[in-house]
2 protein chains.
Amino acid sequence: MLTLQVQYQSTETRARAGRIMTGRGVIETPIFMPVGTLGTVKALSPEELTDCGAQIILGNTYHLYLRPGCEVIDLFGGLHRFMHWDGPILTDSGGFQVFSLAKLSKISEEGYTFQSHVDGSRHTLTPEISIDVQLCLDSDIMMCLDQCIQYPASREEAKEALELTTRWAGRCFNFWEKTRHPQNNLFGIIQGGMFPELRERSASQLTALDFPGFAIGGLSVGEPIDLMRGMADFTLPLLPDDKPKYIMGVGTPEDLVELVALGADMFDCVMPTRNARNGQLFTAGGTLNIANARFRTDTDPIEADCTCYTCRHYSRAYLRHLYKTRELLAYRLNTLHNIHYYLSLMADMRAAISRDEFMEFRRAFYRKRHVSVDNGDL
Amino acid sequence: MLTLQVQYQSTETRARAGRIMTGRGVIETPIFMPVGTLGTVKALSPEELTDCGAQIILGNTYHLYLRPGCEVIDLFGGLHRFMHWDGPILTDSGGFQVFSLAKLSKISEEGYTFQSHVDGSRHTLTPEISIDVQLCLDSDIMMCLDQCIQYPASREEAKEALELTTRWAGRCFNFWEKTRHPQNNLFGIIQGGMFPELRERSASQLTALDFPGFAIGGLSVGEPIDLMRGMADFTLPLLPDDKPKYIMGVGTPEDLVELVALGADMFDCVMPTRNARNGQLFTAGGTLNIANARFRTDTDPIEADCTCYTCRHYSRAYLRHLYKTRELLAYRLNTLHNIHYYLSLMADMRAAISRDEFMEFRRAFYRKRHVSVDNGDL
């Protein structure tokens with residue numbers, strides 16, 4: 001089982017920095033996990049991920065279950081060798097994609113039935129099947145199957161979903177225990193919608209089981225930003241401090257800074273990769289759209305002091321040219337920069353926490369953004 | 001000006017191996033030049049090209065003139081810094097793309113007028129403008145503007161085109177001489193369609209000018225393979241042996257072997273890059289289509305003894321998965337393998353020539369292909 005060693009605790013905020021020891025190496029927290037939906041972080045090689053500072057990546061169980069399928073990944077002994085990534089991998093349960101992508105999905109006490117969004121084939125996803133698939137992927141951190149709900153949802157709806165999520169978490173936990181794969185760690189997911197008392201109930205029920213880590217699910221599903229952060233603020237202290245706290249599917253650079261301040265250790269989000277493919281590039285001063293005509297003759301890199309491969313070798317003019325002509329290299333160079341930005345942000349936060357200067361870091365973070373935005377630099 | 005040093009001359013064939021000394025480094029011949037149409041060899045980084053053994057790449061003047069335009073590339077002092085490639089670059093004249101891509105193109109003694117295939121804007125391409133654009137790209141090997149004709153073409157049509165090509169070559173040569181940029185070498189292009197006496201006339205007219213190298217154009221335009229090779233066989237000896245001989249836009253692995261045997265030094269073709277993006281992968285045994293269902297559970301690399309990055313780390317099953325799910329990494333990994341295959345083939349030919357064993361190499365080359373094809377291995 002993985003363990004968390006908290007190395008530094010901010011005295012001004014709940015921010016903390018630590019090390020998660022897994023069977024595939026150490027993860028320094030707080031950490032962002034690039035999303036590798038189909039067994040590849042879109043446009044990047046594993047070596048490039050490592051160069052960007054990636055220590056753990058995320059795979060999507062729903063997608064990999066459909067394509068290429070467990071029987072293929074089994075031939076490689078798991079996802080790691082299949083995709084040539086030696087480090088830890090976290091996999092989601094598949095529930096969120098069934099909820100958001102699959103066709104004609106139905107939920108019952110037993111689990112989900114759904115039709116593949118790829119070919120319409122019929123499938124069943126139960127808590128046990130989800131863990132079984134994640135074990136086939138040889139995931140280092142597996143997630144319990146949960147029931148996702150849309151925003152807004154009624155209290156009753158949120159309550160029923162959290163209760164089912166708790167029962168499924170028990171089934172996931174029991175199934176995992178019986179298979180005796182302690183290296184394939186299992187995290188519980190707190191649900192409860194936007195209702196504090198339901199979040200409290202979910203946390204209380206989930207933490208009764210000895211999961212090696214806990215996640216907060218059901219955030220960043222369309223609710224206002226303050227509500228999202230408020231729910232995280234309320235829920236994070238309900239989780240045990242000696243285990244990793246993971247906020248799923250979040251977020252913007254600002255979200256990461258705020259949620260680290262509130263005590264979160266782990267994050268994942270498609271934003272840096274997806275935005276890169278849409279020409280949106282992150283910088284300390286804010287986001288720039290590389291398609292913008294003003295970059296046509298701009299010989300500067302995306303960000304002057306950025307040490308990523310893209311910024312060391314290429315100009316905004318070149319990146320704009322590649323993007324406008326839809327060259328494949330555009331997606332790679334943009335993604336590389338954005339992933340580097342996200343991981344550097346996490347590393348910078350970790351360093352600030354280690355010096356107990358998180359508030360100073362946070363002030364500087366916002367100062368740079370506002371200055372540049374005000375000046376219209378970007 | 002560049003110089004060719006012929007190091008080895010096959011005693012059984014016209015094959016030869018040498019070194020072309022340019023202002024940006026040495027090119028070992030025979031050499032294949034990957035095509036980087038828009039300032040990027042599609043899907044690859046410059047470092048990956050170098051890892052594959054690339055020594056010189058090709059840029060397309062027509063495309064770069066339209067996008068991003070000379071005024072942008074000028075800011076970088078040329079194409080090299082713009083695209084982060086330090087080695088030699090050969091650029092075509094733009095004539096072939098005006099002929100094959102542009103809309104409403106018209107030809108006169110002065111040059112071409114055409115409409116951009118991108119936005120319909122009107123442009124003029126004269127011999128002088130072509131050289132001027134190639135100088136702006138800081139091309140290490142510039143090509144004379146020529147008149148391309150379709151296949152089949154009448155003798156009269158071919159004759160008129162070659163005569164105009166000769167007059168334009170003179171204008172290119174004069175313009176180049178006056179600008180005094182000896183590091184931006186200029187090659188003449190032999191035309192003449194599929195008529196030996198016209199090829200002879202073109203070679204005689206062109207070699208009267210002191211170009212640092214010569215190309216054979218107008219091949220691989222739809223004619224039968226034997227006719228293409230026959231024209232190359234006839235024309236190559238008409239070119240001076242102390243200068244590089246370049247066959248434009250060719251070809252398959254078999255073409256390269258046959259044309260090296262006939263004395264050609266340089267090649268370019270979109271085949272390895274374009275086919276890679278269509279899932280066609282080159283191996284010693286022949287071509288395989290990675291989309292084929294039989295590769296779904298194939299844990300072997302594309303080619304067992306291939307040393308490319310793709311074959312060292314990834315299976316056919318993974319490559320098929322990436323290709324079927326249209327992941328961006330598919331195009332990169334496939335292209336990397338194909339470019340590595342082409343450049344290794346050239347390096348192997350060079351090594352065989354240096355040992356004066358080219359015929360033995362050639363027999364082994366065909367033996368491997370036929371064996372595998374017969375066995376249905378691929």
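In what order do the 8 strands of the open sheet in chain A run? The order is 4-14-13-12-11-10-6-5, with parallel pairing throughout. Strands here are DSSP runs (E, at least two residues) and helices are runs of H or I, at least four residues, both numbered from the N terminus; two strands pair if DSSP finds at least two bridges between them. This is a predicted model, in which local features need pLDDT of at least 70 and side-chain atom pairs count only at pLDDT 80 or more, while totals for chains, interfaces and linings use all residues. Residues are numbered from 1 along each chain as its sequence is written, and chains are lettered from A and ligands numbered from 1 in the order in which they are written.

Let us stay with the sheet for a moment. Its edges are strand 4 (31-33) and strand 5 (57-59) of chain A, each pairing on one side only. From one strand to the next, the twist averages 25 degrees. Strand 13 (residues 245-247) and strand 14 (residues 266-268) of chain A are joined in the parallel sense over 2 bridges, and I247(A) stands opposite F267(A) in strand 14 of chain A.

Now step back to the whole of chain A. Its secondary structure comes to 15 helices and 16 strands. The radius of gyration of chain A, taken over C-alpha atoms, is 20 Å, close to the 21 Å of the globule rule for 378 residues, so chain A is as compact as a globular protein of that length; the rule is 2.2 Å times the number of residues to the power 0.38. Along its principal axes, the C-alpha trace of chain A spans about 60 × 50 × 40 Å.

Over in chain B, look at a pair of helices. The axes of helix 7 (residues 155-179) and helix 8 (residues 196-206) of chain B come within 10 Å and cross at roughly 10 degrees. Axes are lines fitted to C-alpha atoms, for helices over the stretch in contact, and angles run from 0 to 180 degrees between N-to-C directions. Helix 7 and helix 8 of chain B are therefore roughly parallel to each other, the word for angles under 35 degrees.

Finally, the two chains meet. The contact takes 29 residues from chain B and 29 residues from chain A, where residues are in contact if their C-beta atoms, placed from the backbone, lie within 7 Å. On the side of chain B that touches chain A, helix 13 of chain B gives the most, with 5 residues.

How values were computed
Contact = placed C-beta atoms within 7 Å. Parallel < 35°, antiparallel > 145°, perpendicular 65-115°, else oblique.
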